[in-house]
Amino acid sequence: MSKSGKAPADRAPLSRQRVLLGAIAVADAGGIGALTMRSLAQELGVKPMSLYHHVANKEEIIDGMIDVVFTEIELPTADGDWRTAMRRRASSARAVLRRHPWATPLMESRPTPGPANLQHHDAVIGALRGGGLSVVQSAHAYSVLDSYIYGFALTEAALPFDGPHDVADLAQEMLAQFPVHTYPHLGELMREYIMKPGYDHGNEFELGLDLILDGIEIRAAD
């Protein structure tokens, strides 16, 4: 049986799409480093050589995996408010990257992007252009938005706590490791903000996004 627990009789015939979804399952479980032709074949319950009937090599698999991830992100449209479109796209991208943290450093790395990848980029540019931004302004806006989205996703995936319920205990443990007056500003931040009831690091994403969108709007009006 594969890691999914399905017996051979329960599986659909092998196809390129099934290979890509199997590869995503392997990466979701163990990171991109866990993905090999052998581990993928084991996940799918097939012989490794049978994979080559559908993909040429691992790089083609990764190209396809990233394209699948792009299909999960909400596409913005050019016929509405650009701020709303960018906000919804950013929130969707963050949610998708939380499901597939291995994908974050690979999203803009593919020299042979697939159709979903290209469609996504075109739609974002179209929404910005439809909102009145020039070509150059759209390029700047796209760059800063993606830097923020991907940067936040990387940080969020690396945090030493899992959700808001763990933050206060971790902050208390950290405070106990150094004299209270050694790092007064850090201690104040922890006590007066992070350790307060209701703190959620995820809320920082929306606040930061607002700052960026405000800045883009100001520059676009110049």
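This passage describes the overall fold of a predicted model and then some of its helix contacts, aromatic pairs and single residues.

In the predicted model, the secondary structure of the chain comprises 9 helices and 0 strands, and the order of elements from the N terminus on is accordingly written α-α-α-α-α-α-α-α-α. The C-alpha trace extends over about 60 × 50 × 25 Å along its principal axes. Of the 222 residues in the chain, 39% are buried. When contacts between residues at least 6 apart in sequence are considered, 70% of them join residues that are at least 24 apart.

Two packed helices are described by the angle between their axes and by the distance between those axes. For helix α4, formed by residues 82-99, and helix α9, formed by residues 203-221, the axes come within 11 Å and cross at roughly 145°, and the crossing in which α4 passes α9 is right-handed. On the side of α4, the contact is made by W82, R83, M86, R87, A90, S91 and R94, while α9 contributes F205, E206, L209, D210, L213, D214, I216 and E217. Sorted by character, the residues of this contact between α4 and α9 comprise 7 that are nonpolar, 1 that is polar and 7 that are charged.

Helix α9 also takes part in the aromatic pairs, of which the count comes to 5. One pair is formed by F152 and F205, whose rings lie 5.1 Å apart from centre to centre, with 70° between the planes, in an edge-to-face arrangement. This pair links distant parts of the chain, since F152 belongs to helix α6 (residues 135-158) and F205 to helix α9, with their positions 53 residues apart in sequence. Both F152 and F205 are buried. Ring pairs further join Y148, F152 and F205 into a cluster, and F205 is also among the residues of α9 that make the contact with α4.

Another edge-to-face pair is that of F178 and Y183, with 5.1 Å from centre to centre and 85° between the planes. The two residues of this pair fall into separate classes of accessibility: F178 counts as buried because its relative accessibility is 17%, a value under the 20% limit for that class, whereas Y183 is partly exposed because its relative accessible area is 45%, which lies between the limits of 20% and 50%.

Helix α6, which holds F152, also contains S138. With a relative accessible area of 2%, S138 is therefore classed as buried. Leaving aside residues up to four places away in sequence, S138 touches I125, L128, R129 and L133.

R129, one of the residues touched by S138, may also be set against D200, a residue of the loop between α8 (184-194) and α9. D200 and R129 are 71 residues apart in sequence, and their C-alpha atoms are 34 Å apart in space. The relative accessibility of D200 is 28%, so this residue counts as partly exposed. Within its surroundings, the side chain of D200 reaches the backbone nitrogen of G202 at a distance of 2.9 Å.

Technical notes
Residues are numbered from 1 along each chain as its sequence is written. This is a predicted model: local features need pLDDT of at least 70, side-chain atom pairs count only at pLDDT 80 or more; totals for chains, interfaces and linings use all residues. Side-chain values use heavy atoms; hydrogens and water are left out. Axes are lines fitted to C-alpha atoms, for helices over the stretch in contact, and angles run from 0 to 180 degrees between N-to-C directions. Helices (H or I, at least four residues) and strands (E, at least two) are DSSP runs, numbered from the N terminus. A crossing is left-handed if the near helix is turned anticlockwise from the far one by less than a right angle, and right-handed if clockwise. Contact means heavy atoms within 4.5 Å. Ala, Val, Leu, Ile, Met, Phe, Trp, Tyr, Cys and Pro count as nonpolar, Asp, Glu, Lys and Arg as charged, and the others, Gly among them, as polar. Buried means under 20% relative accessible area, exposed over 50%, partly exposed in between (1.4 Å probe, protein chains only). A polar contact is a pair of N or O atoms within 3.5 Å; within protein, one must be able to donate a hydrogen and the other to accept it, and residues adjacent in sequence count only if both atoms are side-chain atoms. Rings of Phe, Tyr and Trp (its six-membered ring) pair if their centres lie within 6.5 Å; planes under 30 degrees apart count as stacked, over 60 as edge-to-face and the rest as tilted.
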